[in-house]
Amino acid sequence: MAKSKTTRKKSVLVTGGAGFIGSHVADGYLARGWEVTVVDDLSSGKRENVPDGAEFVELDVCGAGLRELFGRRGGFELVNHHAAQIDVRLSVAEPRLDARINVMGLLNILECAVEYGTRRVLFISSGGVVYGDATERPIPETAAKQPESPYGVSKLASEYYLRAFNRLHGLDYVALRYSNVYGPRQDPHGEAGVVAIFSRLVRESRPITIFGDGEQTRDYVYVGDVAAANMLLSHADFAAGAKLDDRAFNVATGRETSVNELADLLMEAAGRRVPMERAPARLGELEWNSLRTDKLRNLGWEVAVDLKDGLARTYRALADGRK
Ligand SMILES: NC(=O)c1ccc[n+]([C@@H]2O[C@H](COP(=O)([O-])OP(=O)(O)OC[C@H]3O[C@@H](n4cnc5c(N)ncnc54)[C@H](O)[C@@H]3O)[C@@H](O)[C@H]2O)c1
């Protein structure tokens, strides 16, 4: 893989930019004057999520079209890789499908990035799945990695591939390990977004279903704060040694909120209440999750939108039918 010198400055490729988080990240780059190209196969993303001002290319990240795009555009200064198969249960049912998109797709991107001299790759990992059952609370980046699902394995394997490409080809990269991201444009039809699901139910005055005792906790981070972390890590200089965790950053709040609390806060934000129904606990669900964020804070990032405010923004966007 010979490096080309043609990479264009201030150009960023956002994969998965028609999806929930990727579209907010594309907004962030556009606001900072970047030339943004979005690649997405629209398997779960929506064309209308792609911000005006970004070039949209409908493409599978695993296919040959990606290299053609790099060639046509003379490469990209940055690659921000959000495209993924994100369904944990699907990864259990079809691990090869998960690996094809999440591992082979990443490798396709990395080969192009090396060939066209990309300055940095931002890879989106998951702090909800790579650590598995941890002991330290909140979980630091250096905690043991024990993913329980094929999705978790594909995210962790991707981080190791990035590390190998860094050592073999000098490719610069950062891995962002998100906790539970929520905010406008999250799809309520999947199973990932509990805030999106609850918001829609409250909006439609339908009962909320809580699995188990509702005391299981998650670390909810607002999508605007996640986009800000991406902007920061597109430029930030940080000391990185040879260890996997040196280039990984948790993106989270460090705070735990139970599902019961979340439902209450959301109904408060919406100004209306719906009945809460109970269902048996779901097998294999983590009891708690929260991530330590000192590393990211040390670079100057902070939580700008707290949960109460973020839930109000999310609900308002849904109620107004905004993009
Ligand atoms: N939502 C969360 O709380 C969360 C937490 C941790 C990590 N993540 C990661 O963040 C990223 C974005 O997740 P999201 O919640 O916005 O999900 P999303 O489904 O809204 O976004 C993923 C996007 O990738 C696209 N895509 C899927 N396969 C593709 C392929 N083969 N080629 C091109 N595009 C493809 C989809 O159409 C979609 O637009 C993913 O990598 C996910 O694993 C999300």
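**Two domains, one shared core, and a few unusual backbone spots**

Let me begin with a single residue, Leu42, which is partly exposed, with 15 other C-beta atoms within 10 Å. This is a predicted model, and in it Leu42 has a positive phi, near 60 degrees, although the residue is something other than glycine. Leu42 sits in the loop that runs between strand 2 (35-40) and strand 3 (55-58).

Ser205 also has a positive phi without being a glycine, here about 55 degrees, and this serine belongs to the loop between helix 6 (194-203) and strand 8 (208-211). Is Ser205 buried or exposed? Ser205 is exposed, since 10 other C-beta atoms lie within 10 Å and the cut-off for that class is 12 or fewer.

One more backbone feature deserves a mention, namely the cis peptide bond between Arg137 and Pro138, for which omega is about -5 degrees. Pro138 is part of the loop between strand 5 (120-126) and helix 5 (150-169).

Now to the overall arrangement. The chain is divided into domain 1, made of 11-180 + 221-251, and domain 2, made of 183-220 + 254-320, and the C-alpha centres of domain 1 and domain 2 are 23 Å apart. To their contact, domain 1 contributes 31 residues and domain 2 contributes 26 residues. On the side of domain 1 that touches domain 2, the elements giving two or more residues are helix 1 (20-31), strand 10 (220-222), helix 7 and strand 11 (248-251). Which of these gives the most? The answer is helix 7, with six residues. Sorted by class, that side of domain 1 holds 15 nonpolar, nine polar and seven charged residues.

Helix 7 therefore merits a closer look, and its length can be checked: at 1.5 Å a residue, its 13 residues, 223-235, should span 18 Å, and the end C-alpha atoms are 19 Å apart, which agrees. The buried residues of helix 7 include Val223, Val226, Leu233 and three alanines, Ala227, Ala228 and Ala229, together with Asp225, Asn230 and Ser234.

Val226 leads us to the interior. In soluble globular proteins, nonpolar side chains tend to be buried together. Here the largest nonpolar core has 86 residues, and those with the most contacts inside it are Val121, Leu176, Val226, Val251 and Leu266. This core takes at least three residues from each of domain 1 and domain 2. As for Leu266, leaving aside residues up to four places away in sequence, this leucine touches Val195, Phe198, Ser199, Val202, Leu311 and Tyr315.

Terms used:
Residues numbered from 1 in each chain as written. Predicted model: local features only at pLDDT ≥ 70, side-chain atom pairs only at ≥ 80, totals over all residues. Helix = DSSP H or I, 4+ residues; strand = E, 2+ residues; numbered from the N terminus. Expected span 1.5 Å × (residues − 1). Buried ≥ 20, exposed ≤ 12 C-beta atoms within 10 Å, placed from the backbone. Core = buried A, V, L, I, M, F, W, Y, C linked by C-beta atoms within 7 Å. Domains from an automatic or database assignment. Contact = placed C-beta atoms within 7 Å. Nonpolar A, V, L, I, M, F, W, Y, C, P; charged D, E, K, R; others polar.
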